[in-house]
Amino acid sequence: MSQDSTYDRERKEMVEDQIRRRGIKDRKVLKAMLRVPRHLFVPEQMKELAYGDEPLPIGEGQTISQPYIVAYMTEALRLGGRERVLEIGTGSGYQTAVLAEIVREVYTVELIPELSNRARTVLEKLGYRNVHFRIGDGTMGWPEHAPYDAILVSAAPAAVPPALVEQLKVGGQMIIPVGIDFQELVLVTRKETGWDEQRLIGVRFVPLITIH
Ligand code: SAH
């Protein structure tokens with residue numbers, strides 16, 4: 001069997017066993033996860049492990065999120081397809097690609113230039129035209145393109161950063177891991193004034209680095 005078809009089979013098993021079986025139902029999310037070749041987003045020597053049920057190191061002390069968590073966070077945003085989405089923590093670009101499969105435009109911010117540039121190369125090679133990259137501190141969001149329909153953050157701050165909530169449309173939602181030792185995924189809904197928070201599941205993310 002060719003290597004590509006081995007990866008295709010592993011990807012189908014990943015979606016079936018790790019994602020659908022654990023309760024993810026959104027067809028757009030399942031379809032996106034079946035399409036994005038996760039093995040191209042991990043370091044060469046990790047390719048064999050790309051479809052495993054775990055996060056993996058991607059260099060610079062950072063990790064590519066576990067497939068189930070990528071699916072869970074994407075589903076939580078209940079995307080219809082026409083959205084403009086802000087992502088904080090591009091990392092490998094894998095979550096970026098999953099979003100880009102589903103929505104109209106993805107704006108993605110990464111602090112570490114090497115990771116941003118690597119992700120850009122992979123996503124361009126795969127033909128994604130609806131992804132916009134920025135190198136910088138994502139705690140401040142990307143105000144030039146705000147407001148966004150949805151925001152996905154894949155590194156954990158101690159508390160919800162108000163600057164990010166301000167860049168959401170009223171009624172828009174943000175999924176974000178919050179906490180230091182103990183972290184939870186929080187679904188934030190922007191109100192006319194302020195926001196609502198709904199706590200979802202316990203998680204482990206790398207910290208959102210604050211530079212100020
Ligand atoms: N979704 C990514 C997860 C990467 S891990 C993936 O699956 O590959 C989180 C990423 O957040 C890391 O790449 C880290 O460098 C980045 N990060 C941490 N603090 C940040 C900040 N203040 N602004 C932007 N990116 C940040």
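## Reading a ligand and its pocket

A backbone N or O atom of Leu-111 lies 3.3 Å from a nitrogen atom of the ligand.

User: How should I read a distance like that, and which other backbone atoms lie at such distances from the ligand?

Analyst: A pair of N or O atoms counts as a polar contact when the two are within 3.5 Å. In this predicted model, a nitrogen atom of the ligand also lies 2.7 Å from a backbone N or O atom of Gly-138, while an oxygen atom of the ligand is 3.1 Å from a polar backbone atom of Ser-65. The protein covers 99% of the 570 Å² of accessible area that the ligand has on its own.

User: Where does the ligand sit, and what is the volume of that place?

Analyst: The ligand sits in the largest pocket, whose volume is about 510 Å³. Its lining is made up of 35 residues, and Gln-62, Thr-63, Ser-154, Ala-155 and Val-206 lie nearest the centre.

User: Which residues surround the ligand most closely, and which element gives the most to that shell?

Analyst: A residue belongs to the shell if one of its heavy atoms lies within 4 Å of the ligand. Here 24 residues do so, the closest being Ser-92, Glu-110, Asp-137, Gly-138 and Ile-209. Strand 2 gives the most to this shell, with three residues, and strand 2 likewise gives the most to the lining of the largest pocket.

User: How do the residues of the shell divide by type?

Analyst: The shell around the ligand holds ten nonpolar, twelve polar and two charged residues, whereas the lining of the largest pocket divides into 18 nonpolar, 13 polar and four charged.

Terms used: Residues are numbered from 1 along each chain as its sequence is written. This is a predicted model: local features need pLDDT of at least 70, side-chain atom pairs count only at pLDDT 80 or more; totals for chains, interfaces and linings use all residues. Side-chain values use heavy atoms; hydrogens and water are left out. On a 1 Å grid over the protein atoms alone, a cavity is a set of points where a 1.4 Å probe fits but cannot get out, and a pocket is an open set with protein on both sides within 12 Å along at least five of seven lines; lining residues have an atom within 4 Å of a point. Grid points are joined across faces, edges and corners, and a volume is the space filled by probe spheres set on the points. Helices (H or I, at least four residues) and strands (E, at least two) are DSSP runs, numbered from the N terminus. Ala, Val, Leu, Ile, Met, Phe, Trp, Tyr, Cys and Pro count as nonpolar, Asp, Glu, Lys and Arg as charged, and the others, Gly among them, as polar. A polar contact is a pair of N or O atoms within 3.5 Å; within protein, one must be able to donate a hydrogen and the other to accept it, and residues adjacent in sequence count only if both atoms are side-chain atoms. Accessible areas come from the Shrake-Rupley method with a 1.4 Å probe; for residues, only the protein chains shown count as cover. A molecule sits in a cavity or pocket if more than half of its atoms lie within 2 Å of its grid points.
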